[in-house]
Every structure is written in C-alpha cells, then in structure tokens.
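The following exercises concern a predicted model. Each task is followed by a solution in steps.

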Amino acid sequence: MTQRSTEDFAEYLIGFRHELHRFPELSSQEFATTQRIRQHLEQHQIRILDYPLTTGLVAEVGPSGGPLLVLRSDIDALPIEEQAEVSFRSEHPGVMHACGHDFHSAAALGAAIILKRQEAALSGRVRILFQAAEEIGVGARDIVATGALREAHAVFGIHNDPSLPAGTIGCKAGPLTAAVDRFALTIQGVGSHAAKPEQSVDPIIIASQLVSSLQTIISRNTPSADNAVVSITQFHSGSAWNIIPDKAWLEGTVRSFSAQARQLIESRFQQIVQGFSAAFAVNIDLDWQAGPPSVVNDEQWAEFALQQATRSGLTAQVVEASPIGEDFSYYLQQTPGAFIMVGTGEPYALHHPAFRINDQVLLPTAQYLADLAVAGLRTLP
C-alpha cells in the first residue's frame, strides 16, 4: 500500500472502532454490533460462515481446503458508565467498552481485510472469530459447541494491555491467565435483640470467622509455588443498630493457575463451610460457580507469536502470568495456540470507567495478526 492508502486504511479502522465504542452492547445482547461487523465484512467480500450463533459471527479468508488457522476477537462491552474524555463516548447509558473489545474487533476486521487482499497467495484458510459474551465467560464455549474449531491446527487471540508500552507484544508459554471461580455464602442464623445475644445464633460472628478461616486455604493449604488468591468482596448483614440479624451473605472470587490448586481450593472451601455449619448448628449454603479455566499457551506457538512480533517490527516481551480471567482458555482446550497481549501504554486499567485505547496501535495490531496468520499457515502441514 502507498503511504496515503495506509493512512486511509488506518483511519477506516479507527472510525470503525469509534463506531463500536459509541454503541456498546452487553454480553449476549450484541445484535447491532454483530450487524455492523457483518456489514463491513460483506463490504470487503469476506465470506461469513453459517454457524448457529445468536450474536457474534465467524468469517473466513483463503482457499477452500488446506490447513486452518483461527484468529479470535471479542465484541461485548461492560455495565460501566463511561468517564473517558473522548469525542466518541458511549451513547448507551451505563454501558461502555471498558475492556477494549472494540479495539480487538477492529484489529480482527483489519486483519481479515489485509488477508483478503492476498487471498490467492494464502497456503490455507484463516478463520476469524468475532466472539460474543466473553465478559460472562460463555461465548467461547458457544463457538466451540458449533464445531468452528474442529479442523483448526492453531488458534490465536489478542487482548490489549494498557500496562505494556505501545507497540509491545507480550506472551509466554504455559499459564498466562488464571482460572476464575465465583462463590457466594449464605449463613442462616437466628436473630434477636442486640441486648440479648444469647438468644441468637449470630450470623455476623460466624461470617466474620469464616472470612478469616477461608484465607488459610491459601496461606496454609496451597504450596507456595502455586499462585492463587481467595478474595471476599462483599459482606452484607443486618438492618438496624440494635438488632442481631438472622442472615449474613458473603461473595467473592478464587483465582488459580493449576488444575490441582483449583480443585484443592474448592475442596477445602467445602470442608471449612461444612465444619462451621456443624460447629454452630446453622445452615450455610455455598453457591460455587466455576468460570473459565486458566489460559495455558502452547510453548511452540507462544514462542512463534513473539518471533513474529519482531518480524513485524514490534517489540516482543515475555510477560508474567496475570490473575485476570479469559474464556479463550476453552479454545486452547480444543486446539493448541497462544493468547497474546498487545501493549497500548495507557494510564487506566481494564474495566476502569476512564479506560481508553491508543488508536495508533490499531493498524500495527491488525497487520501483526495478518502476518501471524500468513506465517503460521506456512508452518502447517
């Protein structure tokens, strides 16, 4: 491309991202987002595959037959009121792209267009996923259930990382993100007047001791080499200053990187809750909700992704594992590949109401994804 056409293409992708940013949609509600992506794909004669998805879609570039490589982006937004000072702020109250999925979608569209321009020279197929419902951890499983990865030889996904310098590609072999589990505890005690605590079974006392005891799972049960976290994030009980309530409610999350640690933590949770229930003669209900497992990158493909970053003129960096969650892990349970962090060098973290993206990183990311796909296909049998 000429300098002018390159600048025009960059502006096109930025405009597309800004359009998505202005009209964000929550998980599994991305109907207009899906339609916008479809329109742009059709505009560039990129074929869209017919998979039974309510929202999100799957596109493909390349000759029929031959090896298959998959690129994944995500399209949903978050229930957050935007505070970013940008001209294209969300026009949907209480909803914003605070995790950069608009950036991921625009980069994937850009990669699809670049690949389409060289389609005749491709040595196989590149399937591009515009995945819904990543934020609630179900979108990847929905796509896997369609069989869209059944023939795939490798799968790659990206996520922006504002803590990395702009133009940096971060990756590592092995665990990259944590398994995510959510729990809620309901302690059903017996209420009384605060002046007569002996007539109560005080759920606040029980819940307070539970908070401390659950922390011992990490400090005393998991090996120090196993990074894991138990966080109690909500504690609700009571309605008046002079009444001991009859109920308390706790909620929180567990993050872990190994299947063994994840299983151990859940088992110890059950044992501690059952022990408290027996000791205080109360009913304690544990609602354990297992989320996505840890993203575990294939060693070969993680190294390949870093090498390609250098070849594409970007900076490659081996990064540390992060306790964030990602349902890309479900793809890696089906197909080897790598999840890749893209540095944007911005001050606000993911999910912050003032979160923003460096638009200058968009075209280089699209080109990197296209280069990764072309080079990846050449390595496949």
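**Exercise 1.** Determine whether Ala-281 is buried or exposed, and describe its backbone and its setting.

*Solution.* Step 1: the relative accessible area of Ala-281 is 69%. Step 2: the exposed class begins over 50%, so Ala-281 is exposed. Step 3: Ala-281 belongs to the loop between helix H6 (259–280) and strand S13 (283–290). Step 4: its phi is near 55°, a positive value in a residue other than glycine.

**Exercise 2.** Carry out the corresponding analysis for Gln-45.

*Solution.* Step 1: phi of Gln-45 is positive, near 55°, and the residue is not glycine. Step 2: the loop that holds Gln-45 runs between helix H2 (31–43) and strand S1 (47–49). Step 3: with a relative accessible area of 57%, Gln-45 is exposed.

**Exercise 3.** Describe the largest nonpolar core and state which helix gives the largest share of it.

*Solution.* Step 1: the largest nonpolar core comprises 61 residues. Step 2: the residues with the most contacts inside this core are Leu-41, Leu-71, Leu-115, Phe-130, Phe-156, Ile-340 and Tyr-368. Step 3: helix H9 (residues 362–379) supplies the largest share of the core, 11 residues. Step 4: another core, of 22 residues, lies apart from it and includes Leu-185, Ile-217, Val-230 and Ile-284.

**Exercise 4.** Identify residues in contact with Phe-130, leaving aside its neighbours within four places in sequence.

*Solution.* Step 1: Phe-130 is among the residues with the most contacts inside the largest nonpolar core. Step 2: with those sequence neighbours left aside, the contacts of Phe-130 include Ile-37, Leu-41, Leu-57, Ile-75 and Leu-109. Step 3: Gly-56, Ala-59, Ser-73, Ser-105 and Ala-108 are also in contact with Phe-130.

Conventions:
Residues are numbered from 1 along each chain as its sequence is written. This is a predicted model: local features need pLDDT of at least 70, side-chain atom pairs count only at pLDDT 80 or more; totals for chains, interfaces and linings use all residues. Side-chain values use heavy atoms; hydrogens and water are left out. Helices (H or I, at least four residues) and strands (E, at least two) are DSSP runs, numbered from the N terminus. Buried means under 20% relative accessible area, exposed over 50%, partly exposed in between (1.4 Å probe, protein chains only). A nonpolar core is a set of buried Ala, Val, Leu, Ile, Met, Phe, Trp, Tyr and Cys residues joined through side-chain atoms within 4.5 Å. Contact means heavy atoms within 4.5 Å.
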